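User: I would like to go through the ligand site and ask what the terms used for it rest on. Please set each value against its definition.

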Amino acid sequence: MRDRYQLYGVECSLYSGKARSYLRKKGIPFDEVLATISVYKKFIIPRTGVQFVPVVQSPEDDVWQDTTEIIDQLEARFPEHSVYPSSPKQHLVALLLETYADEWLVIPAMHYRWNYPATNSRFIYGEFGSIVMPNAPGFVRRYLGKKAGARFKGAVPKLGINEHNINAIEKSYVSLLGDLQAHFEQHDFVFGSKPSLADFGLIGPLYAHLYRDPAPGKLMRKKAPALCDWVRRMISDEASMEAGEWLADDQVPETLLPVLKRMSREQLPVIADTDRLLAEWRTQNPEKSAIERMIGSHEFNVEGVTAERVVLPYVLWMFQRAVDYYDGLSDTTEVDALLQEAGFGDALQRGLTHRVTRVNNRLQFAAES
Ligand SMILES: N[C@@H](CCC(=O)N[C@@H](CS)C(=O)NCC(=O)O)C(=O)O
């Protein structure tokens, strides 16, 4: 039996970057295993039932997929120096920012990766080729990578990225870069001088795609050098949960407000509409307990431009975590004031129509109590 954790992932994978950064910052001993096609066939698919990375295997041979689940399983085993802030506003904002980073910043991450072929193709196809045949010469890897990457490139229009709204997506992302630059000029991490769940959420899209891919990497270096410094802190080998502090008195820095407002403006309406459409879907599919990954399509708006994207119920599982945390608070006065200011209205109070849960790495309706 191995005495170290095994992280099955890929450097160019958004969520692998989140898990890797978490493991490093917590100082958890782990080895990384490249998730090649053969590893998918022999290990990932048989053990998780799905085709996602990252996957973490514990020394006791427990196997977890989904970064949120991975982090929670490991937090239970390594409770010292928790990544969850203990005070209400910081804890809730961390859950919200994880939802935003995981499920919404995928839009700029995918846009900048796949819509700049002249700058990115050589690099990214080489990366995807490594998954198929890691030791093949570059030209072979790029050839194979083009085929392997096609499925991911194919997700771009499904996520609602098209020629009508790419300027709006870029406008929104460049504003976000400005907001994050202003924040990281003042703070080493989201809530002060040590990372939290919010940082691990954000490092996913902001490292593997937006820092590392050539086209958006150049943009980030130009517009947001302090954000680049944060990325380097987040990916370094240095364990840093032990040193540093979160800001005192449950402070949520003012510099995070524009980021939260952007989330409430762009993603919150999508979450609310996903909740409504899932309730409809349940009525129309009473025999199904498992929830499909995509259930139709709906409109969304970025910077005044409306487009259509697939409905992804998984986001409700993420948002439900914030709702549950809110519901458990005995006094919400200060949290409510922050939520109002950040444009969330009564979204947390209202909660969601149906409870969802993950069973064997698939989403399903939870038993109603
Ligand atoms: N919510 C999951 C998402 C995992 C995920 O989507 N991983 C991507 C790679 S970054 C993947 O494997 N995608 C395969 C697919 O979409 O079929 C997590 O947090 O781990």
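**The ligand site**

Analyst: The model is predicted. Of the 15 residues around the ligand, V53, Q65, T67, R151 and R293 come nearest.

User: What makes the pair between V53 and the ligand a polar contact?

Analyst: A polar contact is a pair of N or O atoms within 3.5 Å. A backbone N or O atom of V53 lies 2.8 Å from a nitrogen atom of the ligand, so the pair meets that cut-off.

User: How do you know that the side chains of Q65 and R293 make polar contacts with the ligand?

Analyst: The same cut-off of 3.5 Å applies. For Q65, a side-chain N or O atom is 3.0 Å from an oxygen atom of the ligand. For R293, a polar side-chain atom lies 3.0 Å from an oxygen atom of the ligand. Both pairs therefore count as polar contacts. Of the 510 Å² of accessible area that the ligand has on its own, the protein covers 86%.

User: Which pocket does the ligand take up?

Analyst: The ligand takes the space of the largest pocket. Helix 1 (14-26) and helix 7 (138-153) are the elements that give two or more residues to the shell. Domain 1 (5-77) and domain 2 (88-262) each supply at least three residues to the shell. By class, the shell has seven nonpolar, four polar and four charged residues.

User: Why is the peptide bond from V53 to P54 worth a remark?

Analyst: Most peptide bonds are trans. The bond from V53 to P54 is cis, with omega near 5 degrees. P54 is in the loop between helix 2 (37-48) and strand 3 (55-57).

User: What is the phi of D66, and where is D66 found?

Analyst: Phi of D66 is near 90 degrees, a positive value. Most residues other than glycine have a negative phi. D66 is in the loop between strand 4 (63-65) and helix 3 (67-77).

Key
Residues numbered from 1 in each chain as written. Predicted model: local features only at pLDDT ≥ 70, side-chain atom pairs only at ≥ 80, totals over all residues. Heavy atoms only, no water. Near = heavy atom within 4 Å. Polar contact = N/O pair within 3.5 Å; in protein donor to acceptor, adjacent residues only side chain to side chain. Areas by Shrake-Rupley, 256 points an atom, 1.4 Å probe, with all protein chains shown as cover. 1 Å grid on protein atoms, 1.4 Å probe; cavity = no way out; pocket = protein on both sides within 12 Å on 5 of 7 lines; lining within 4 Å. Sits in = over half its atoms within 2 Å of the grid points. Helix = DSSP H or I, 4+ residues; strand = E, 2+ residues; numbered from the N terminus. Nonpolar A, V, L, I, M, F, W, Y, C, P; charged D, E, K, R; others polar. Domains from an automatic or database assignment.
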